[in-house]
Amino acid sequence: MSTHTFKLNGEQVTVDVEDDVRLLWVLRDVLKVTGPKYGCGINVCKACTSHINGKAFNPCSVQVKDIKSTDEVTTIEGLAATTDQELHPMQEAWLEEDVAQCGYCQPGQIMAAVALVKKVQAEGRAITDDDLDSIRNVCRCGTYFRIRKAIRAGAAKM
Amino acid sequence: MAADLRLGTPAEASVPSPPQIAALFDLEDLQDTAGLATANLITITINSDGTASFALPRAEVGQGITTSTSMIIAEELDLPVEKVNVSLAPARPELVFNQLTGGSNSTVSTYTPIRVAANIAKGALLQAAAIELGYAVDQLTSKQGVITAPDGKSTTYGKLAVKAAGATTKSVQVDLKARSAFTVVGKPHTRVDARDIVTGKKQFTMDLQVPDALPTMLCRATGLNGHPTGLANEAAILAMPGVTDVAVIPTGVAVRAKTFGQCIDAVRAMKAQFGASVVGAADDESILAELRKAEIPLAVPKLPLLGIQVDTDFEFMFRSSAALETNCAIADVRDDHATIWSGLKSPIVAQGKIAEAVRLPVSKVTVNVVTGGGSFGHKLFHDPALEAARVSKAMGKPVKLMWHRVDEPRQGRMHPMVTSRCRATMLGDQVLTFEQRHTSVTTDFSHGLGEMLVATAADLPPGLVGVGLSQSIFLLTQDLPYNFGVVTQLLDETDTHFNTGSMRSIYSQDVACASELTVDLMAKKARKDPLAFRLANIKYPEVKAVLEKVAEVGNWGRTMAPGTAQGIAVHREYKGATAFLVEIDCRPETVNRKIANGVGGPRVTKVVVAVDAGLVINPRGIEAQMMSAASDGIGLALTNSTHLKDGHFLEASWDNYFYTREWNAPIEFECVIMPSSSDQPGGVGEAGVPASFAAVACAYARATGTVPKRFPINHDTLSFDVKPYVPSLPESPTDGLSHTY
């Protein structure tokens with residue numbers, strides 16, 4: 001067991017856990033931050049999508065020892081605080097479109113959407129159907145069409 | 001492909017068909033009848049903060065019933081929806097058959113009892129207000145939780161809550177709000193849990209913090225349902241980081257640890273021994289051969305003397321009903337009582353089976369129903385709750401048990417493999433006979449529907465006397481919406497070894513795909529457009545209406561580029577009717593798109609739905625269910641199936657089991673909800689799946705000129721590398737930081 005420290009949703013956190021435990025379980029089982037969901041554990045379903053230093057990543061596939069003390073991890077719980085609003089514009093768009101059904105994949109979908117829009121905006125262009133097709137997050141309720149609409153609406157306000 | 005549009009075909013050409021059993025008494029009626037005796041054993045509580053609470057004896061799994069139920073209560077109580085809190089009731093054995101969430105029956109069966117309860121509560125509040133304000137009840141008005149007297153004085157539900165509570169049981173008359181006065185029901189409403197979902201606050205079973213309920217997983221057999229016979233390295237496993245306990249239960253070797261990651265590591269290190277697959281070395285082809293042997297002959301002879309015959313024969317492969325939330329449950333089993341938390345659609349059956357397994361009286365087993373992360377029929381069963389209870393008992397500790405994704409398609413519940421054959425006899429463009437013979441691997445109904453059938457035997461229509469359980473459920477769900485002369489649809493089942501279940505619309509998804517493809521072929525023989533042929537033979541006005549609407553909105557018959565086409569299909573069930581019109585792109589540049597670790601294939605570019613769901617509670621919720629049905633239909637027709645080989649299933653990931661992904665999703669989607677004069681809501685959770693599947697299949701056949709025989713069309717191409725079986729779970733990757741974006 002060893003000590004690991006990093007910034008989580010704006011606060012410095014320290015955990016005592018074995019080096020090789022994947023960050024998803026450090027978040028969920030040790031720190032009780034349960035917004036990122038388990039759907040596969042092998043970086044396929046993307047239900048755990050969160051941000052590291054502002055970029056999307058999947059904590060199911062990162063050992064806690066590979067997170068540096070200066071790294072900033074943001075989960076869905078900390079997304080709104082990255083803006084100065086009560087909700088991130090993407091969360092607002094999600095409510096507008098009533099995207100969610102069961103909701104299990106939606107934290108990961110929103111985190112993926114925010115990162116995708118930022119990436120596209122950094123490239124100085126508008127989001128395309130091809131960009132939306134590149135999203136790998138599984139929604140077994142099949143809300144894909146509303147996800148597409150919400151991302152376009154959220155992007156317009158980002 | 002261009003379609004000829006001949007909407008003007010006279011309807012009198014069709015040969016009337018007598019009503020099928022489901023037209024007179026269907027699965028909804030069965031559930032309503034079975035639950036009737038206890039349907040009113042419900043309580044709506046008015047709290048002193050002015051809110052109303054209700055513990056719904058059904059499971060919310062994404063279908064939106066906590067939202068629609070909140071709306072129904074808000075409507076009848078004259079409260080804002082935000083002031084109604086609907087939770088899920090724990091298992092209440094006294095409800096007997098009135099706590100099963102299935103057959104899209106929740107709102108169908110609870111609508112009136114909940115309105116009555118809310119109305120009684122409002123009546124009591126008005127009585128209390130009359131005393132407080134000094135006016136007669138009929139002089140008072142209630143709005144948004146405030147009761148106002150003619151002089152302008154007012155009081156609130158919150159202030160009246162205690163005074164209005166009755167100390168005695170009495171009989172009261174209720175006068176339910178007239179439909180014309182509705183202000184909430186029928187208006188679009190965002191899900192009541194939407195904000196919790198988008199902020200990560202919504203809690204699923206795995207998010208609950210039950211003291212000392214540590215992560216627990218199972219090492220499962222390579223072969224289907226292989227029983228564990230031992231663990232050769234127990235001491236080594238117990239010495240692994242984080243591990244606290246191991247135990248052998250009938251479905252695998254369990255390990256409990258500080259984190260799920262350490263459970264995965266421990267399962268990977270286990271030298272566990274298992275018995276063989278319960279299906280030996282069976283594969284798709286051997287099970288298909290069993291089905292072929294079990295098929296019953298068609299009654300109408302082949303090669304009739306007169307007219308023309310259309311014969312079809314389709315194969316539908318196994319497919320997983322797993323949700324994104326894998327099977328999971330929390331159990332705390334003590335010597336004298338037990339507590340369970342899980343997403344359970346049949347919690348009373350679960351409670352009974354768990355009590356039996358842990359040797360406790362039913363009254364000592366509390367079963368909490370947790371909002372589920374999807375179901376699709378999966379949560380009708382309590383497999384993970386039973387496992388968690390067994391593991392907790394064996395270890396003497398609370399456990400939070402979760403299935404690994406790998407185990408879902410390999411050992412989890414699935415929709416059975418099916419063959420479906422149709423034979424239609426036609427004279428000119430008149431249809432004289434239509435037969436369908438559905439042959440299926442057995443569907444498991446041990447979740448409570450079987451008991452309902454036995455209990456309601458006296459109310460069942462005569463056609464169900466003497467037929468088996470599955471045949472009964474089949475007959476209660478099938479009602480071909482056409483006048484095709486003599487119509488018979490029958491089921492035959494074989495092989496009971498598989499872990500099956502009622503996956504979203506049970507038999508209907510395959511029945512409708514087969515019958516609607518056959519209808520397209522019949523139209524071709526009659527030299528009619530698919531829509532015109534359907535309209536000429538349609539049996540019900542509401543089915544005709546949804547077909548006409550979808551054709552109009554979807555611009556049926558528009559000129560399409562070669563390799564692309566429209567498809568149209570309709571289905572009648574759940575006290576309603578649903579029509580889908582889809583456009584598919586089967587051009588090589590689309591089909592052969594390169595998708596890393598995925599299947600591109602044909603793309604359904606556009607989906608238009610028209611649905612008659614009876615009385616509409618929440619149009620936003622209905623649209624969501626139709627969108628979901630579109631995604632299901634696309635997957636069922638094109639991509640998602642499991643492959644059986646050497647006695648086990650090959651799929652082990654969402655990149656093996658190709659449920660519809662963003663790159664397969666429609667670019668355009670439109671849903672029209674038909675106005676209905678009905679006072680009864682229909683079921684919507686499953687209603688769209690059969691017509692959606694059928695419409696995609698019909699569009700594919702029209703675009704390619706080839707009617708597929710086997711579904712999904714991708715099944716014969718294994719589009720992934722099979723993951724190992726030993727160890728039973730894959731290692732979690734460690735390279736996540738090299739894939740950031």
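Gly124(A), with a positive phi near 70 degrees, follows helix α4(A). Helices here are DSSP runs of H or I with at least four residues, and strands are runs of E with at least two, numbered from the N terminus. The model is predicted: local features need pLDDT of at least 70 and side-chain atom pairs count only at pLDDT 80 or more, whereas totals for chains, interfaces and linings use all residues. Residues are numbered from 1 along each chain as its sequence is written, and chains are lettered from A and ligands numbered from 1 in the order in which they are written.

Helix α4 of chain A covers residues 106-122, 17 residues in total. Its first and last C-alpha atoms are 24 Å apart, close to the expected 24 Å at 1.5 Å a residue; the expected span is 1.5 Å times one less than the number of residues. Among the buried residues of α4(A) are Ile110(A), Met111(A), Val114(A) and Val117(A). A residue is buried if 20 or more other C-beta atoms, placed from the backbone, lie within 10 Å of its own.

UniProt, in an unreviewed entry, places the feature "domain: [2Fe-2S]-binding" at residues 75-152 of chain A; such annotations may be inferred rather than shown by experiment. This span is 56% helix and 0% strand, with its end C-alpha atoms 22 Å apart.

An automatic or database domain assignment divides chain A into domain 1 (2-76) and domain 2 (81-156). Their C-alpha centres lie 21 Å apart. In the contact between them, 17 residues of domain 1 of chain A meet 13 residues of domain 2 of chain A, two residues being in contact if their C-beta atoms, placed from the backbone, lie within 7 Å. On the domain 1 side, β3 (50-52) and β4 (55-57) of chain A are the elements that give two or more residues.

The contact between the chains takes 62 residues from chain B and 61 residues from chain A. On the chain B side, α6 (194-198), α8 (260-269) and α19 (619-639) each supply at least two residues, and α19(B) gives the largest share, 7 residues.

The table divides two contact sides by residue class. Ala, Val, Leu, Ile, Met, Phe, Trp, Tyr, Cys and Pro count as nonpolar, Asp, Glu, Lys and Arg as charged, and the others, Gly among them, as polar.

| Side | Nonpolar | Polar | Charged |
|---|---|---|---|
| Chain B, touching chain A | 26 residues | 22 residues | 14 residues |
| Domain 1 of chain A, touching domain 2 of chain A | 6 residues | 8 residues | 3 residues |

The model scores ipTM 0.99 and pTM 0.97.

Methods
Buried ≥ 20, exposed ≤ 12 C-beta atoms within 10 Å, placed from the backbone.
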